[in-house]
Structures are given as structure tokens and as C-alpha cells.
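Subject: A structure for you to look at

Hi,

Here is the structure I promised to pass on. Please open it in your viewer and keep it beside this email while you read.

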Amino acid sequence: MLIYGINAVTEALRAGRVVSLRAGRRTDQRLQQLVTLAEQASVPVRRVSDDELDRESGGSSHQGVVADVSE
């Protein structure tokens, strides 16, 4: 399953459900904290273009992050 948005992905990380994460080129503190949380949880993080995030989220407001989560 695919989820996006900082709050949704953060909660899924805390629940241990994120399998992989793709982050855009944003460099603000909120996204950096989320990436750090993912790295601490040994979740693979890949930096991608915002265009890729737009495609994966179907044009919805992804806030610079998309994650694959377990069911």
C-alpha cells in the first residue's frame, strides 16, 4: 500500500509499518526529521524528483514524501 504526506508517513513509521520511503528535494526541518526517523528505523530512503512523487501520489499533496507500507 502507498501512503503520502508527512503526518501519515510519520505515524506509519512509528507503528513500524513503513517498508521503504521516497523523499523529494525539500530541505525543511519537518522532512529532515522524518528522513532521520526512517533511517533510525533502518527503512531504506531514496531521494527522488518532485515529478516522481507527483506521479506516485496521483497529483495529491504528498508534502515531499511517499512511503510503501505493509498491510
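Below is what I found in it, starting with the sheet and ending with two loop residues.

First, please keep in mind that this is a predicted model.

**The sheet**

Four strands make up an open sheet, and their order across it is β1-β4-β2-β3, with mixed pairing. The edges are taken by β1 (2-4) and β3 (45-47); each has a single partner strand, so one side of each is left without a neighbour in the sheet. On average, neighbouring strands here are turned by 20° against each other, direction ignored.

Strand β2 is a good place to begin a tour. Residues 18-23 form β2, which pairs with β4 (residues 65-69) in the antiparallel sense over five bridges. If you want to find the register by eye, Ser-20 has Asp-68 in β4 as its bridge partner, and Leu-21 has Ala-67 in β4. With β3, strand β2 runs parallel, and three bridges join the two. One bridge to look for there sets Arg-22 against Arg-46 in β3.

How enclosed is β2 by the rest of the structure? Largely so, because five of its six residues are buried.

**The helices**

Helix α2 (residues 29-40) lies across β2, β3 and β4, and it runs at about 140° to β3. Helix α2 also packs with α1: the angle is about 20° and the axes are 10 Å apart. That angle is under 35 degrees, so α1 counts as roughly parallel to α2. The crossing of α1 past α2 is left-handed.

Which residues meet where α1 and α2 come together? From α1 they are Ile-6, Asn-7, Val-9, Thr-10, Leu-13 and Arg-14, and from α2 they are Arg-30, Leu-31, Leu-34, Leu-37 and Ala-38.

**The core**

The largest nonpolar core has 16 residues. Val-9, Leu-13, Val-18, Leu-21, Leu-34 and Val-65 have the most contacts inside it. Two or more residues of this core come from each of α1 (6-14), β2, α2 and β4.

Leu-13 is a handy residue to centre your view on. Neighbours within four places in sequence aside, Leu-13 is in contact with Val-18, Leu-21, Leu-34, Leu-37, Ala-38 and Val-43. Among these, Leu-34, Leu-37 and Ala-38 also belong to the α2 side of the helix pair.

**Two loop residues**

Two residues outside the helices and strands caught my eye.

Val-48 sits in the loop between β3 and α3 (50-56). Is Val-48 buried or exposed? Val-48 is buried, because its relative accessible area is 3%, where the limit for buried is under 20%. Not counting residues up to four places away in sequence, Val-48 touches Arg-22, Ala-23, Gly-24, Arg-25 and Leu-53. You could also check the spacing to Gly-64: this residue is 16 residues apart from Val-48 along the chain, and their C-alpha atoms are separated by 9.3 Å.

Ser-57 is in the loop between α3 and β4. With a relative accessible area of 6%, Ser-57 is buried as well. Leaving out residues up to four places away in sequence, Ser-57 touches Tyr-4 and His-62.

Happy browsing, and do write back with any questions.

Best wishes

Conventions: Residues are numbered from 1 along each chain as its sequence is written. This is a predicted model: local features need pLDDT of at least 70, side-chain atom pairs count only at pLDDT 80 or more; totals for chains, interfaces and linings use all residues. Side-chain values use heavy atoms; hydrogens and water are left out. Two strands pair if DSSP finds at least two bridges between them. Axes are lines fitted to C-alpha atoms, for helices over the stretch in contact, and angles run from 0 to 180 degrees between N-to-C directions. Contact means heavy atoms within 4.5 Å. A nonpolar core is a set of buried Ala, Val, Leu, Ile, Met, Phe, Trp, Tyr and Cys residues joined through side-chain atoms within 4.5 Å. Buried means under 20% relative accessible area, exposed over 50%, partly exposed in between (1.4 Å probe, protein chains only). Angles under 35 degrees count as roughly parallel, over 145 as roughly antiparallel, 65 to 115 as roughly perpendicular and the rest as oblique. A crossing is left-handed if the near helix is turned anticlockwise from the far one by less than a right angle, and right-handed if clockwise.
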